[in-house]
Amino acid sequence: MASPDSLSGSLLVASTLITEPVFARSVILVMEHNLEGAFGLVLNQPSEELVSDHLPEWSESVAPPGMVYVGGPVEPEVGTGMCPGAFSVDSPLPGVSLLDLESSPTERQRGARIYSGYSGWGPGQLESELAAGSWYVVTASPDDPFSEPAGLWAAVLRRQPGQLAMVANFPPDPSMN
């Protein structure tokens, strides 16, 4: 059952309080959020692995450079695919379609990204992290899952209103400032 305050389709942007490498400066698209917990995909963490090594049939459909992205630390053997377009009814974000990676790709599924694993939270866990200031919740754009990963954290923050936009300028290591 969906929570009345569901964050499905929103972005979680790591605050500067998060320093663990898995989530530091991460941007997560919340795929589902309800009373049982939440799960999402880290959008800005490419791996060193090629899609062609794991899903050769999809290698021509993925956006360059053809890498698998790390969706999160949970169940890395689980794959999720997304591509630009509004032909999938089960996507949490309008303008983004989820892919059935067990079927053959079609021409309209070009520009896809493939994610290995996901990020997950049990009941109340995400809400506790939000209350602690670990994440900023912001509106997602259909371009976010397909944006340049290296600059996504700062780009998402820069487009926010008010003081939150200034967080984009926070140095990765404040002690080096």
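Let me begin with the largest pocket of this structure, where strand 6 provides the largest share of the lining, namely four residues. Before I go further, please keep in mind that what we are looking at is a predicted model. The volume of that largest pocket comes to about 210 Å³, and of the 14 residues lining the pocket, those closest to its centre are His54, Val68, Pro76, Gly79 and Ser116. If you follow the chain around the lining, the elements that give two or more residues to it are strand 4 (46–50), strand 5 (67–70), strand 6 (74–84) and strand 8. Sorted by class, the lining of the largest pocket contains eight nonpolar, four polar and two charged residues.

The second largest pocket holds about 160 Å³ of space. Of the 12 residues that line this second pocket, Thr16, Ile18, Thr19, Arg25 and Pro172 are the closest to its centre, and by class the lining has eight nonpolar, three polar and one charged residues.

I would like to stay with Arg25 for a moment. Arg25 sits in the loop between strand 1 and strand 2, and its phi is near 55°, which is a positive value in a residue other than glycine. Is Arg25 buried, exposed or partly exposed? Arg25 counts as partly exposed, because its relative accessible area is 26% and that class runs from 20% to 50%.

Glu75 also has a positive phi, near 45°, and is likewise a residue other than glycine. Glu75 lies in strand 6, and with 37% relative accessibility it counts as partly exposed. To put these backbone values in context, most residues other than glycine have a negative phi, and most peptide bonds are trans. With that in mind, please look at the peptide bond from Pro64 to Pro65, which is cis, with omega near 10°; Pro65 itself belongs to the loop between helix 1 (51–54) and strand 5.

Now let me turn to the interior. In soluble globular proteins, nonpolar side chains tend to be buried together. Here the largest nonpolar core has 33 residues, and the members that touch the most others are Leu11, Leu12, Leu29, Leu43, Met82, Trp135 and Trp153. Strand 1 (10–14), strand 2 (27–34), strand 3 (37–42), strand 8 (113–121), strand 9 (135–139) and helix 3 (149–158) each supply at least two residues of this core. A second, separate core consists of nine residues, among them Val51, Val62, Leu99 and Ile114.

Which residues does Leu12 touch, if we leave aside those up to four places away in sequence? The contacts of Leu12 are Leu7, Ser26, Val27, Ile28, Val30, Trp121, Leu126, Leu130, Trp135, Tyr136 and Val137.

In helix 3, the buried residues are Pro149, Leu152, Trp153, Ala154, Val156 and Leu157. What covers these buried residues of helix 3 includes strand 1, strand 2, strand 4, strand 5, strand 8 and strand 9.

Two residues of strand 2 deserve a careful comparison, beginning with His33, which has its place in that strand. His33 counts as buried because its relative accessibility is 5%, where the cut-off for buried is under 20%. The side chain of His33 nevertheless has a polar partner, since it makes a polar contact of 2.7 Å with the side chain of Glu127. The C-alpha atoms of His33 and Thr80, which are 47 residues apart along the chain, are separated by 17 Å.

Glu32 also lies in strand 2, but with a relative accessible area of 39% it is partly exposed. Not counting residues up to four places away in sequence, Glu32 touches Ser8, Gly37, Ala38 and Phe39. The side chains of Glu32 and Asn34 are joined by a polar contact of 2.9 Å. Measuring along the chain, so to speak, Glu32 and Leu7 are 25 residues apart, while in space their C-alpha atoms are 7.4 Å apart.

Finally, Ser134 is found in the loop between helix 2 (125–131) and strand 9. Although it sits in a loop, Ser134 is buried, with a relative accessible area of 16%. Apart from residues up to four places away in sequence, Ser134 touches Val13, Ala14, Ser15, Leu17, Ile18 and Glu129. One of these contacts, Ile18, takes us back to the second largest pocket, where Ile18 is among the residues closest to the centre.

Definitions and conventions
Residues numbered from 1 in each chain as written. Predicted model: local features only at pLDDT ≥ 70, side-chain atom pairs only at ≥ 80, totals over all residues. Heavy atoms only, no water. Core = buried A, V, L, I, M, F, W, Y, C linked by side-chain atoms within 4.5 Å. Buried < 20%, exposed > 50% of the residue type's maximum accessible area, 1.4 Å probe, protein only. Contact = heavy atoms within 4.5 Å. Polar contact = N/O pair within 3.5 Å; in protein donor to acceptor, adjacent residues only side chain to side chain. 1 Å grid on protein atoms, 1.4 Å probe; cavity = no way out; pocket = protein on both sides within 12 Å on 5 of 7 lines; lining within 4 Å. Points joined across faces, edges and corners; volume = space filled by probe spheres on them. Nonpolar A, V, L, I, M, F, W, Y, C, P; charged D, E, K, R; others polar.
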